[in-house]
Amino acid sequence: MSTTIALESIPPRFLKMLREVWGFSQLRDSQEKAIAAALANRDALVVMPTGGGKSLCYQAPAVYRGGCTIVISPLIALMKDQVDGLRQLGIPAARWDSGSSNQEKRDLIEQLRHQQLRLFFASPERALQKDFADLFRGNQVPMIAIDEAHCVSQWGHDFRPEYRQLAQLRRHFPNASVMALTATATQKVRIDILEQLKLRSPDITVSSFDRPNLTYRILPQVDVLSQCQAIIDRHRNASGQSAGGIIYCMRRTDVDQLSIALKDAGYSVVGYHAGLSYQQRQQAQDAFVNEKVQVVVATVAFGMGIDRSNVRFVIHASVPKSMEHYQQETGRAGRDGLNAECTLLFSSRDVKSMRGLIKNSAIENNAPQTWVDSQMVQIEEIATFCKLPVCRHRRIVEYFGQVYSSEKCGACDVCLGEIDVLKDSKVIAQKILSCVHHMQERFGTNAIADVLIGSNSREIQRRGHESLSTFGILKGHKRAVVRDWIEQLTMAKILLVTQDSNYPLLKLGPLAKEVLFGSLEPVLVRTVESNLKDSSKSIARFAYDETLLERLIDWRNEVADKQKVAPYVLMSDGVLAELAARRPSSIDRLTGVTGLGSKQIAQHGAAIVGLIESYCSFKSVPMDQPLRFPPSILRDSYGVRFKQNRSLQQIASDLNVTESTVTKYLVEYILDGSISDVSVWITSEELDRVYQAAEKLGSGLLSPIYEACESQISYNKIRIALAFRPLHSQARSG
Ligand SMILES: [Zn+2]
């Protein structure tokens, strides 16, 4: 690939037109290069970050050269904005997409027949239809511009299979040059674009990916709501008016929850995701673009084609999908060239969820393994970017294959000295490495962390690891913190995770020796400890006694073994976790445990209660506890409404969820004792009917109760009644 070509200079007549039509008196270097290629009828690849003036590269030559330039674009919104903008400038442009009416299509054909159009926008699907070339009969087509060309590549972030067939257009328009444009492309994606679109000795223009006016920060995710509030508040002007900002979330439900929580806290925000109707999305977009609303909470569906230039902050409430997404999404801040702030709230849990989402989406869409692999690589890359304390500007620029020359950028958390680096990083790293070495590189992260903190778990005892010389050399640190350090060392390639066996094992990486012998100073960063939960271990949303759960699992497995059934068939881990949390003191109280049927209680109740009782008295642990759920934004937005005595239906419509989702939360609130009166949601007569049925039939299955109540009491009400049962009987007996 050669990027140096002799440039035809731009004719003065072109510059005159540019001034007259667009009001520009000069071009940026990269625009000039791309336009020169177009005027010389050469194929071109134009890589320009958002806000770089990309569309001018084909619009201006289209007007200058005459004829009808075809523009392929993946999004209706994008096409509409461009066509509207061109018409504002007096340039005859039109689009043909799924939103065009028959009359519009007829007009368009008429305009083409009279050779009146300079630019014609179409989706890739439309361009690939058989009759497409016929539309242009009698027109000269000097160029085909393919916008968002990264859609051609499965390595890119918006792979669209139809894009791969666009090379076919060449056959119908043999004299047209092809210009592929994208705001974001790594070397790999660039090569893919060139190959897939079969560009002929193309001119390649890549402008700088650095956005010096953006300040990048990556903070541990602690409390998304208050972290977002702090950033919004920081960007208010003297009269309290907040500045334009975008908050990106991973899932639609995250968008709904966060926007509700922000609204509840008195902020003016609007939500945006692909699950909303076309009208709702349009309204949200218009409100934001026209500055009626300053802050939009959105999934990645938001932003393409949004031209608002005075966005002062972009928050990633969770990890973006890839470096390219991050670059593109943060690129929407500060397009006016003024300073803007980009904050990413990082949590390893989000990285894990994202991997899960990809796997599910691959199964749903029957995607090939290569796609899954490339998505996983992209997640690893962004996770590494987040965790390594290296200048953010440098990492982004280098990721896109460019050289970053400054030592310090002065506009990222690392260079501004905001990152809390551990003073004894080297000693800690050496301790971890020597532990991996002493354990012969045969164990995974958890086992190594356990040895380092001197855990007295049964696994340690079973393996005799207390006798290792590295046992307990990081005593006093939390297991989650040590695991985080190990993760940081892995990202820095000082440790490696291998997948040789069924089990990921830690091995010394290529740089380990240099750290052990002191020639390399590793940098470990302090992470907010409250953010680090041993999430790999927790199996329930509520808190439970881990040791008791282990005992219950042992007991269940023994019984299952005797009965020759699978353990989870006998009793699920979820039931056991709830038992370990509530620790019921009598067979009577077992009835409140979710998923424990009356038959199971009759058969195993005595054994379970006996086991729990002896554990609790031996350990002096209190029995009959409510379930305790950790606080979260989501739970709070339900809790507030329960306290206001709103009906299930009202809350469901407030929060844009189903009534059964509302019920799920209501049940949690009843179980943890925060709600002691359920009369808003179920009458006392209904309660009595459910309890009578449950008495006879047990509370393990809902459908027999539902039938016994002659289908007159909804499943949601039955769930509420059963959750309330222990409180109800307490109230009666007390
Ligand atoms: Zn920096």
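Two strands pair if DSSP finds at least two bridges between them. Keep that in mind, as pairing comes up throughout this talk.

What I am showing is a predicted model. The pLDDT averages 86 over the chain, and 94% of the residues score at least 70. One stretch at the start is a different matter: over residues 1-7 the pLDDT is below 50, and beyond near neighbours in sequence this stretch has 5 contacts in the model. Where pLDDT is low, the predicted coordinates should not be read in detail.

Now the layout. The domain assignment gives domain 1 as 7-206, domain 2 as 214-407, domain 3 as 420-527, domain 4 as 540-619 and domain 5 as 633-733.

Let me take the sheets in turn. One is an open sheet of 7 strands, with parallel pairing, in the order S3-S4-S2-S5-S6-S1-S7. Which strands stand at the edges? They are S3, residues 93-96, and S7, residues 203-206; each has a single partner strand, so one side of each is left without a neighbour in the sheet. On average, and ignoring direction, neighbouring strands here are turned by 15° against each other.

Look at one edge of that sheet. S3 pairs with S4, residues 119-122, in the parallel sense, over 4 bridges. As an example of who faces whom, Ala93 stands opposite Leu119 in S4.

The next sheet is also open, with 6 strands in parallel pairing, and its order is S8-S13-S12-S9-S11-S10. S8, residues 214-220, and S10, residues 269-272, are the edge strands, each pairing on one side only. From one strand to the next, the twist averages 15°.

At the S8 edge, S8 and S13, residues 340-346, run parallel and are joined by 7 bridges. Within that pair, Thr215 has Glu341 in S13 as its bridge partner.

Helices pack on this sheet as well. H10 touches S9 (244-248), S10 and S11 (295-298), and the direction of H10 makes about 170° with that of S10. H11, residues 278-289, touches S10 and S11, and its direction makes about 140° with that of S10.

H10 comes up again when we turn to the contact between domains. The centres of domain 2 and domain 5, taken over C-alpha atoms, are separated by 37 Å. How many residues are in contact between domain 2 and domain 5? There are 8 from domain 2 and 6 from domain 5. On the domain 2 side, H9 (224-234) and H10 (252-264) each supply at least two of the residues that touch domain 5. H10 gives the most to that side, with 6 residues. By class, the domain 2 side that touches domain 5 has 5 nonpolar, 1 polar and 2 charged residues.

Last, a pair of helices. Two packed helices are described by the angle between their axes and the distance between the axes. H26, residues 648-655, and H27, residues 659-671, pack at an angle of about 110°, with their axes 8 Å apart. Why is H26 called roughly perpendicular to H27? Because angles of 65 to 115 degrees count as roughly perpendicular, and the angle of about 110° makes H26 roughly perpendicular to H27.

Which residues meet there? From H26 they are Leu648, Gln649, Ile651 and Ala652, and from H27 they are Glu659, Val662 and Thr663. Sorted by class, this contact has 4 nonpolar, 2 polar and 1 charged residues.

That is the end of the tour.

Terms used
Residues numbered from 1 in each chain as written. Predicted model: local features only at pLDDT ≥ 70, side-chain atom pairs only at ≥ 80, totals over all residues. Axes fitted to C-alpha atoms, helices over the stretch in contact; angles between N-to-C directions. Parallel < 35°, antiparallel > 145°, perpendicular 65-115°, else oblique. Contact = placed C-beta atoms within 7 Å. Nonpolar A, V, L, I, M, F, W, Y, C, P; charged D, E, K, R; others polar. Domains from an automatic or database assignment. pLDDT = per-residue confidence, 0-100.
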